[in-house]
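Trainee: Before we go through this chain, please show me the sequence and the model.

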Amino acid sequence: VGSEMCIRDRMMCEWSASTMELTLTTPALLFPAISLLLLAFTNRFLTLAALMRDLYARHKAQPDPRIKGQLANLRYRILIIRNMQAFGVGSFFTCVLCMFVLFAGQLALGKWIFGGSLILLLIALGLSLREIQVSVDALNLRLSDIEELAEQSTARSAAKPPLGPVS
């Protein structure tokens, strides 16, 4: 049945990789997905680059140790995004190479190259997940800073004497 070979004598099913069909259209299915991922990775990179420029300008105008820490976090995130892009491009490249090899009639080699393309794509997605985690951690730190400032503001408001005549 399809890519499964059922052995009725033993009442079990085995999947055989040798029966897997790999045609030129199989790697071509990854093109839109990889292209969209690369676009998303590039958008993340551009957003972080703009944020880094803004933070640098603010730090230069008024030095703040928290901004220095944020710049270090952004540097790490940009490194992750660079690696995401590199593995995404590698996946795209091996996908095209796979299609060329399949076109040349080398099915076994094409399967290995396609497998490599999938592995590179998985690595890019794993790095994307890591970058999201780092981003969420940075946002949580920012939120805790905002909460701390709000608490200080509330404490100062409560300590001030009321304005106006005292009766």
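Trainee: How many disulfides does the count come to?
Mentor: The model is predicted, so local features need pLDDT of at least 70 and side-chain atom pairs count only at pLDDT 80 or more, while totals for chains, interfaces and linings use all residues. Residues are numbered from 1 along each chain as its sequence is written, and side-chain values use heavy atoms, with hydrogens and water left out. A disulfide is a pair of cysteine sulfur atoms within 2.5 Å. By this rule the number of disulfides is zero.

Trainee: Why is Cys95 not bonded to the closest cysteine sulfur, in Cys98?
Mentor: A disulfide is a covalent bond between the sulfur atoms of two cysteines. The sulfur of Cys95 is too far from that of Cys98 for a bond, and the separation is 6.4 Å.

Trainee: Is Cys98 buried or exposed?
Mentor: Buried means under 20% relative accessible area, exposed over 50%, and partly exposed in between, with a 1.4 Å probe and protein chains only. Cys95 has 0% relative accessibility and is buried. Cys98 has 0% relative accessibility, so Cys98 counts as buried.

Trainee: What is the geometry of the Phe31 and Phe92 rings?
Mentor: Rings of Phe, Tyr and Trp (its six-membered ring) pair if their centres lie within 6.5 Å; planes under 30 degrees apart count as stacked, over 60 as edge-to-face and the rest as tilted. A search of the whole structure finds one aromatic pair. The centres of Phe31 and Phe92 are 5.0 Å apart and the planes stand at 65°, so the pair is edge-to-face.

Trainee: Which helices does this aromatic pair link?
Mentor: Helices (H or I, at least four residues) and strands (E, at least two) are DSSP runs, numbered from the N terminus. Phe31 is partly exposed at 25% relative accessible area, and Phe92 is partly exposed at 27%. The two residues are 61 apart in the chain, and the helices they link are H2 (residues 30-61) and H3 (residues 65-103).

Trainee: Which element gives the most residues to the largest nonpolar core?
Mentor: A nonpolar core is a set of buried Ala, Val, Leu, Ile, Met, Phe, Trp, Tyr and Cys residues joined through side-chain atoms within 4.5 Å. The largest one has 24 residues, of which Leu30, Met84 and Cys98 touch the most other members. Two or more residues come from each of H2, H3 and helix H4 (107-159). With 11 residues, the element that gives the most is H3.

Trainee: With which side chain does the side chain of Thr94 make a polar contact?
Mentor: A polar contact is a pair of N or O atoms within 3.5 Å; within protein, one must be able to donate a hydrogen and the other to accept it, and residues adjacent in sequence count only if both atoms are side-chain atoms. Thr94 lies in helix H3 and is buried at 16% relative accessibility. At 3.4 Å, the partner of its side chain is that of Ser117.

Trainee: Which residues does Ile113 touch, leaving out those up to four places away in sequence?
Mentor: Contact means heavy atoms within 4.5 Å. Ile113 is in helix H4 and is buried, with a relative accessible area of 14%. The residues touched by Ile113 are Thr94, Leu97, Cys98 and Val101.

Trainee: In what order do the elements run from the N terminus?
Mentor: The chain has four helices and two strands. From the N terminus on, their order is β-β-α-α-α-α.
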